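Reader: I have a model open and want to learn to read it feature by feature. Where should we begin?

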Amino acid sequence: MIIFGQISEHLRLGPTNSRACPACRQEQPFSLLLEYDYAHLYYLFGFVTRRRFRVACDRCGNVWKASEKEIAEARPLARGAVPFLHRWGCLVFIVLVIAAVATAIALGL
Ligand SMILES: [Zn+2]
């Protein structure tokens, strides 16, 4: 049985400028978030299908789309933030399958 699907995750990249939160209606600290979707095979081997940057109020947790300036601030922080198997897991799976087939051929199976 093949198990595959898509999962959404988010990572807190760090703090950004505080501002008036539309939900709290007060000046609040905000954080930069990276939200990403990844497709997976057996929940282990994945690849990222979508990324988007958001800002979240640290007090109420409401999330809004990041501005271009905030996206530019977040991009360097997002490098390497997504776990390896979420980004390159499908490539690892392909390499493992090729290695298994090569081994089987070498052993004459
Ligand atoms: Zn808030």
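Author: Start with strand pairing. Two strands pair if DSSP finds at least two bridges between them. The model here is predicted. Take one bridge as a case: L41 has F45 in β3 as its bridge partner.

Reader: Which strands does that turn connect, and how many residues lie between them?

Author: β2 and β3 form this hairpin, with 3 residues between the strands. Look at Y42 in the turn: its phi is positive, about 55°. The two strands pair over 12 bridges, in the antiparallel sense.

Reader: How many bridges join β1 to β2, and in which sense do they run?

Author: There are 14 bridges, and the strands run antiparallel. Three pairs let you check the register. R19 is opposite Q28 in β2. L11 is opposite L34 in β2. Q6 has A39 in β2 as its bridge partner.

Reader: What sits between β1 and β2?

Author: A hairpin connection of 6 residues. Within this hairpin, R25 has a positive phi near 60°.

Reader: Now zoom out. What is the order of elements along the chain?

Author: List them from the N terminus. The run is β-β-β-β-α-α. That makes 4 strands and 2 helices.

Reader: What is the order of the strands in the sheet?

Author: Read across the sheet, not along the chain. The order is β1-β2-β3-β4, the pairing is antiparallel, and the sheet is open. From one strand to the next, the twist averages 35°.

Reader: Which strands stand at the edges, and why does one side of each lack a neighbour?

Author: Count partners. β1 (4–20) and β4 (63–65) have a single partner strand each, so each has one side without a neighbour in the sheet.

Reader: How should I read the core?

Author: Begin with the general idea. In soluble globular proteins, nonpolar side chains tend to be buried together. Here the largest nonpolar core has 13 residues. L32, L33, F53 and V55 have the most contacts inside it. β2 (27–41) and β3 (45–57) each supply at least two of its residues. β2 gives the most, with 6 residues.

Reader: Pick one core residue. What does F53 touch?

Author: Set aside residues up to four places away in sequence. F53 then touches L32, L33 and L34, along with A66, E70, I71 and A74.

Reader: How much of the chain counts as buried?

Author: The cut-off is 20 or more other C-beta atoms within 10 Å. By that count, 16% of the 109 residues are buried.

Reader: And the overall dimensions?

Author: Compare the radius of gyration with a globule. The chain has 20 Å, whereas a compact globule of 109 residues would have one near 13 Å. The C-alpha atoms fill a box of roughly 70 × 30 × 20 Å along the principal axes.

Reader: How do I judge the sequence range of the contacts?

Author: Take contacts between residues at least 6 apart in sequence. Of these, 55% join residues at least 24 apart.

Reader: Where does helix α2 lie?

Author: Check what a helix crosses, then its direction. α2 (residues 84–106) lies across β2 and β3, and runs at about 175° to β3. The helix bends by about 40° at C90. After α2 comes G108, with a positive phi near 75°.

Reader: Is α2 largely in the open or buried, and why?

Author: Count its buried residues. The number is 2 of 23, so α2 lies largely in the open.

Reader: Which residue shows me a contact between α2 and the sheet?

Author: Try F47. This residue is in strand β3. Again leaving out residues up to four places away in sequence, F47 touches Y38, A39, R87, G89 and C90. Two C-alpha atoms make a good check: those of F47 and R87 are 4.5 Å apart, with their positions 40 residues apart along the chain.

Reader: Is F47 buried or exposed?

Author: In between. F47 has 16 other C-beta atoms within 10 Å and is partly exposed.

Terms used. Residues numbered from 1 in each chain as written. Predicted model: local features only at pLDDT ≥ 70, side-chain atom pairs only at ≥ 80, totals over all residues. Core = buried A, V, L, I, M, F, W, Y, C linked by C-beta atoms within 7 Å. Buried ≥ 20, exposed ≤ 12 C-beta atoms within 10 Å, placed from the backbone. Contact = placed C-beta atoms within 7 Å. Rg over C-alpha atoms; globule rule 2.2 N^0.38 Å. Axes fitted to C-alpha atoms, helices over the stretch in contact; angles between N-to-C directions. Bend = angle between axes of the 7 residues up to and from the residue.
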